[in-house]
Amino acid sequence: MADYKRGFIEGNWTTAIDVSDFIKKNYTPYTGDASFLLGTTSRTDRVKKRVDELIIEETKKGGVLNIDTEHVSSLLTYKPGYVIKGDDIILGLQTDEPLKRAVNPFAGYRNAVQACKAYGYEIGENIKNEFRYRTTHNTGVFRAYTDTMKKARHAGILTGLPDAYARGRIIGDYRRIALYGMDYLIEQRKADKVRIGQRDMSDETIRLLEDIERQIEFMLQLVTMAKEYGCDISRPAENAYEAIQWLYFGYLGAVKEQNGAANSIGRISAFIDIYIERDIKEGTLDEQGAQELIDDLVLKMRLVRHLRTPEYNDLFAGDPVWVTCSLAGMCEDGRTMVTKTCYRFLQTLYNLGPSAEPNITVLWAQELPQNFKDFCAKVSIDTDSIQYENDDVMRKDFGDDYAIACCVSAMKTGKQMQFFGARCNLAKVLLMALNGGREEAHGDQIAPEGKVFDEKPLVYDEVIEAFKTYASWMAKLYVNTMNVIHYMHDKYAYERLMMSLHDVEPERLMAFGISGLSVLADSLSAIKYARVTPIKDENGLIVDFKTEGDFPKYGNDDERADSIAKWITEFFYGELCKTKTYRNARHTLSILTITSNVVYGKKTGSTPDGRRAGEPFAPGANPMHGRDCEGALASLNSVAKLDYACCMDGISNTFSITPEALGTDEDNRVENLTNVLDGYFLQKAHHLNVNVLNRQKLIDAMNDPSLYPTLTIRVSGYAVNFNKLTRDKQLEVIARTFHETM
Amino acid sequence: MNGYIHSFESMAAVDGEGLRYAVFLSGCPLRCIYCHNPDTWKGEGMAFSPEELLKKVIAYKPYFKNNGGVTFSGGEPLLQAEFIAECVELLREKNINYAIDTSGATELNDAVKYVLINAQTVLLDLKFPDNDSYIKYTGKGIENVLKTLDFLEKNNVPTRIRTVVIPGINDSEEKLLKYLVHINNKECVYRYELLPFHTMGFFKYEKLGLDNPLKDTMPLDMNVRDRLQKFVNSKLAKGIDI
């Protein structure tokens, strides 16, 4: 029998499931530069070329290449699939062909039918028959929803709820498969069941016992799935290739079973690096081979697809999977967790070209090696494909083996899971408060009836009192709605495989969200510092506002407005915490909208800040576009003031800058960008998307300014906000940039 | 005393070393025909005490690191040199450096000298090579500019010279050679930058109801700028950082 542990330092991980201990005992921090990195092999080029062709074909066909309408997606439903059989190193596709989508109706049957129909397909008889007698998550939720929940959902106050599709955001600890092999993991889970079976049979104990049995069923299926690809994952991985392959099988099984909104892969770089280092030491792998393994894994991640309705794609601007891959960070003992494999993942953006997937997330810390910071900045400038999150802030709560799910949601790998909770449109809550509980677009009475404000200048303290009353009511409704959703998801669409790769009783987080933060903050600031008079329609409904005079706006590092934004998050989080959650989950909150800020804006009437009905919100925690007039760092400083302690599910900020504004040459831009990141994160800010924009992005920005709200055009000593330029001016800038790059 | 400020730019990465917090002071003695900030000509603006200004600046210290800091620009910042001098005292206490982005058109009074000597960097415009062109295109002569440059040289103040290259006016090697005469023997000059004329300030003329003498001029082609920059670099004496 092979000695899987050869060369590894033993520790707690050898007697219990403790991947973090294994990593800390065995990984090699790397503080050198990027000069060791290598390009692609001819094999990688061949597979990459095939993948590119497939993606072009997929786009030509309107976004979906093919759908398997005969099978219900699961681990053993499809025959093995390959990109190029013989050339693939890391094996395994969701279905039997690359980019062919699976039908997964467990979370919502109607959605699956509509998605097929939208692309010209019809669900096969097999699936129809099976789901005729099966309750989906969606059906369960709507059985239990109260009328008020339905109304709040319909009005778009509670929005993006995972009640018709799978909740996602759960990260299995796929590394466990490679380190321990499935036999050991199954054995451990059986032992868990014996131990838990000693307890009195409460609801929770019974649920847990059933959960465990469901997990074991899928663990066994995963072994069979891997066997069909000729791999024996019942035992631990022997080398780097197997380690990557084994953990990828875990991920693949998860995306076959589940079609959640975000399917992230976790924090795998230091883990993989340990195996690569051992193989290199043993002379069985060289740098070219190591890069080729990572390139192939990343290509596989880029092929993950779920079948969505066109409406879903509109909401999220495309077809995202959020295969978030967390890199770097610091170890709690003070060593950096940067390894050569962090560099190898970043290198895929050169070897395979820039891409949204996997969603490369650098866990930034002040103490990261300068070489690594500089390389990240360079890759950001060249590819715009990296997001940054503050490890110094997250490490305090999540330790040093957490990973990011989706965009900004931290969780301890294998030890915490999340109940995804979408978001509450707080700008609409303000309008509802002014209208005595009626919704501004249709006039429906949603919340209990209260005082309707008169057509007289609004008094700040009165508005705040009304807002607090309604936000508090909404928070309670929101938590209860979420409880219904996750009760039903556990019941009808439980993540058997992903949860089998967690501790048996993980901590649960319930992640709530706010949309419209900047609109609400500016609206309250307008009411406080300017003169805002409501305007009513013939039915006595406030549908507009007259706002006279200037007022401080969030995004200018102005305490008067920023403190309002900060207060909103703290207040709302406090209100959410007052209502008990399903399975005693810990309440968390995010300020994140991804791209759905446009849709939320569409559903929201005119607001006191001067935003017209239907106009988009700013994304996430960003200041409203065009209102931050003191430049990029002032805008960053405003966002940095929001307190992570009450927004532990993440505070998303998108930062866009032109190369010319960032610096005079490449070295200067790299230095400036690392200084921006250090300065922002030193102030305990949480997240930053960095865009150093090329021509294509300028065109996108022109067509939809909300995509890049802080885009600055700098022309030697002079700066303008791109969104403030007229279309003609924008065209001029675009033409010039195009000219330069030709 | 209070300073009068037109606006702030919290991220000015190309107006000095590192990341810079730019303070645009109001008022300018010149009326350059190619000015992209005509809204700063008049001396009115937001009143700030040095302490109030420091409070704003200090919020950006996390970004400054080793070489970033404040850049006083305008308008013509040295019109308010006494105000800047008071700010300099406060910045020094907080260990924050500053740069001056000036036309050099002001008299070298004591406050101006003090502010220039203590700057980390001075960005000095050399708009035209001779007195006649200066008068023709800016409304004032070259004398103060050259005096300022001499002063910087005598006091070893790290200096960047900047020239805006305008199509049809100074966009040729022949014209630019004349500028170099003033620069190539100066030890204090560590960089000579050519800035391309652009049209993104044109809307301000319309907004202010001002006549824009260059309204028909096209932006300078960046390839031309790069070629001219290479040319002046090659002509400059040794020791000048290109």
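Me: How much area do domain 1 of chain A and domain 2 of chain A bury between them, and what share of it is on carbon and sulfur atoms?
Reply: This is a predicted model, and in it the two domains bury about 2200 Å² between them. Carbon and sulfur atoms carry 64% of that.

Me: Where do the bounds of those domains fall in chain A?
Reply: The domain assignment gives 12-134 + 168-181 + 236-406 for domain 1 and 420-652 for domain 2. The contact takes 25 residues from domain 1 of chain A and 24 residues from domain 2 of chain A.

Me: Why is the pair Asp503(A) and Arg176(A) called a salt bridge?
Reply: The cut-off is 4 Å from a side-chain nitrogen of Lys or Arg to a carboxyl oxygen of Asp or Glu. The N to O distance for Asp503(A) and Arg176(A) is 2.8 Å, so the pair qualifies. The count between domain 1 of chain A and domain 2 of chain A is three salt bridges.

Me: Which elements give two or more residues to the domain 1 side of that interface?
Reply: They are α7 (175-180), α10 (240-257) and α16 (391-398) of chain A. By residue class, the domain 1 side divides into 15 nonpolar, five polar and five charged.

Me: And chain B, how many helices and strands does it have?
Reply: Chain B has nine helices and eight strands.

Me: What makes chain B as compact as a globular protein of its length?
Reply: Its radius of gyration is 17 Å, and the globule rule gives 18 Å for 242 residues. Those values are close, so chain B is as compact as a globular protein of that length. Its C-alpha trace spans about 45 × 45 × 30 Å along the principal axes.

Definitions and conventions:
Residues numbered from 1 in each chain as written. Chains lettered and ligands numbered in written order. Predicted model: local features only at pLDDT ≥ 70, side-chain atom pairs only at ≥ 80, totals over all residues. Heavy atoms only, no water. Domains from an automatic or database assignment. Contact = heavy atoms within 4.5 Å. Buried area = accessible area lost by both parts, 1.4 Å probe. Helix = DSSP H or I, 4+ residues; strand = E, 2+ residues; numbered from the N terminus. Nonpolar A, V, L, I, M, F, W, Y, C, P; charged D, E, K, R; others polar. Rg over C-alpha atoms; globule rule 2.2 N^0.38 Å.
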